[in-house]
Amino acid sequence: MVQVPSPMPSPRNGHTLTMVENGKRVLLFGGGTSGGQILGDLWALKGAMGGEETRWTKIQLVGNGPSPRSGHRYHDSVFPLSKLTPLE
């Protein structure tokens, strides 16, 4: 099991996880909480495949990002992420 330090995404269901950069990063978007709140946050996990420190980073989209959603899926590609700013 991989130990990942905080901060990290809150528990959720109905989210998407998408591998990018040839598996070097995993993007987590949206989902819903057990209380019924629909989420629209975006997180990146780096280091899950080794080679660097494993940690989550919350990403702030510049401009209008996707609306909060749960139970969604990606089809052929990830939505454009041209400008990402880590929230730290």
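**Entry 1: Arg 25 and its partners**

I began with Arg 25 in this predicted model, and I noted that at 22% relative accessibility the residue counts as partly exposed, because buried would require a value under 20%. I then looked for a charged partner and found that Arg 25 forms a salt bridge with Glu 52, the closest N and O atoms being 2.9 Å apart. Arg 25 belongs to strand β2 and Glu 52 to the loop between β3 and β4, so this pair ties together parts that are 27 residues apart in sequence. Glu 52 is also partly exposed, with a relative accessible area of 31%. I followed Glu 52 further and came to a salt bridge with Lys 46, where the closest N and O atoms are 3.9 Å apart, and I therefore recorded Arg 25, Lys 46 and Glu 52 as linked in a network of salt bridges.

**Entry 2: the remaining salt bridge**

How many salt bridges does the structure hold? I counted 3, and one of them joins Asp 41 to Arg 12, with the closest N and O atoms 2.7 Å apart. Asp 41 sits in strand β3 while Arg 12 sits in the segment before β1, so the pair ties together parts that are 29 residues apart in sequence. I checked the cover of the two residues and found that both Asp 41 and Arg 12 are buried.

**Entry 3: the strands**

I listed the elements next and found 0 helices and 5 strands, running β-β-β-β-β from the N terminus on. Strand β2, residues 25–32, is mostly covered, since I found 7 of its 8 residues buried. On one side I saw β1 and β2 pair in the antiparallel sense over 5 bridges, with Thr 16 standing opposite Phe 29. In the hairpin of these two strands, which has 4 residues between them, Glu 21 takes a positive phi near 55°. I also found β2 and β3 paired in the antiparallel sense, over 7 bridges, with Phe 29 standing opposite Leu 42. The hairpin of β2 and β3 has 5 residues between the strands, and Gly 36 in its turn has a positive phi of about 95°.

**Entry 4: Met 19**

I located Met 19 in strand β1, residues 16–20, and, leaving aside its neighbours within four places in sequence, I found it in contact with Arg 25, Val 26 and Met 49.

**Entry 5: His 72**

Is His 72 buried or exposed? I found His 72 buried, with a relative accessible area of 19%, and I placed it in the loop between β4 and β5. Not counting residues up to four places away in sequence, His 72 touches Gly 14, His 15, Thr 16, Phe 29, Gly 30 and Gly 31. I noted in particular that a polar atom of the His 72 side chain lies 3.4 Å from the backbone oxygen of Phe 29.

**Entry 6: the aromatic pair**

I searched the whole structure for aromatic pairs and found 1. The rings of Trp 43 and Trp 56 have their centres 6.5 Å apart and their planes at 85°, so I entered the pair as edge-to-face. Trp 43 lies in strand β3 and Trp 56 in strand β4, so the pair ties together parts that are 13 residues apart in sequence. Both Trp 43 and Trp 56 are buried.

**Entry 7: the whole protein**

I closed with the totals, in which buried residues make up 31% of the 88 residues. The protein exposes about 6,000 Å², of which carbon and sulfur atoms supply 51%.

Key. Residues numbered from 1 in each chain as written. Predicted model: local features only at pLDDT ≥ 70, side-chain atom pairs only at ≥ 80, totals over all residues. Heavy atoms only, no water. Phe/Tyr/Trp six-rings, centres within 6.5 Å; stacked < 30°, edge-to-face > 60°. Buried < 20%, exposed > 50% of the residue type's maximum accessible area, 1.4 Å probe, protein only. Polar contact = N/O pair within 3.5 Å; in protein donor to acceptor, adjacent residues only side chain to side chain. Contact = heavy atoms within 4.5 Å. Areas by Shrake-Rupley, 256 points an atom, 1.4 Å probe, with all protein chains shown as cover. Pairing = 2+ DSSP bridges. Salt bridge = Lys/Arg side-chain N within 4 Å of Asp/Glu carboxyl O.
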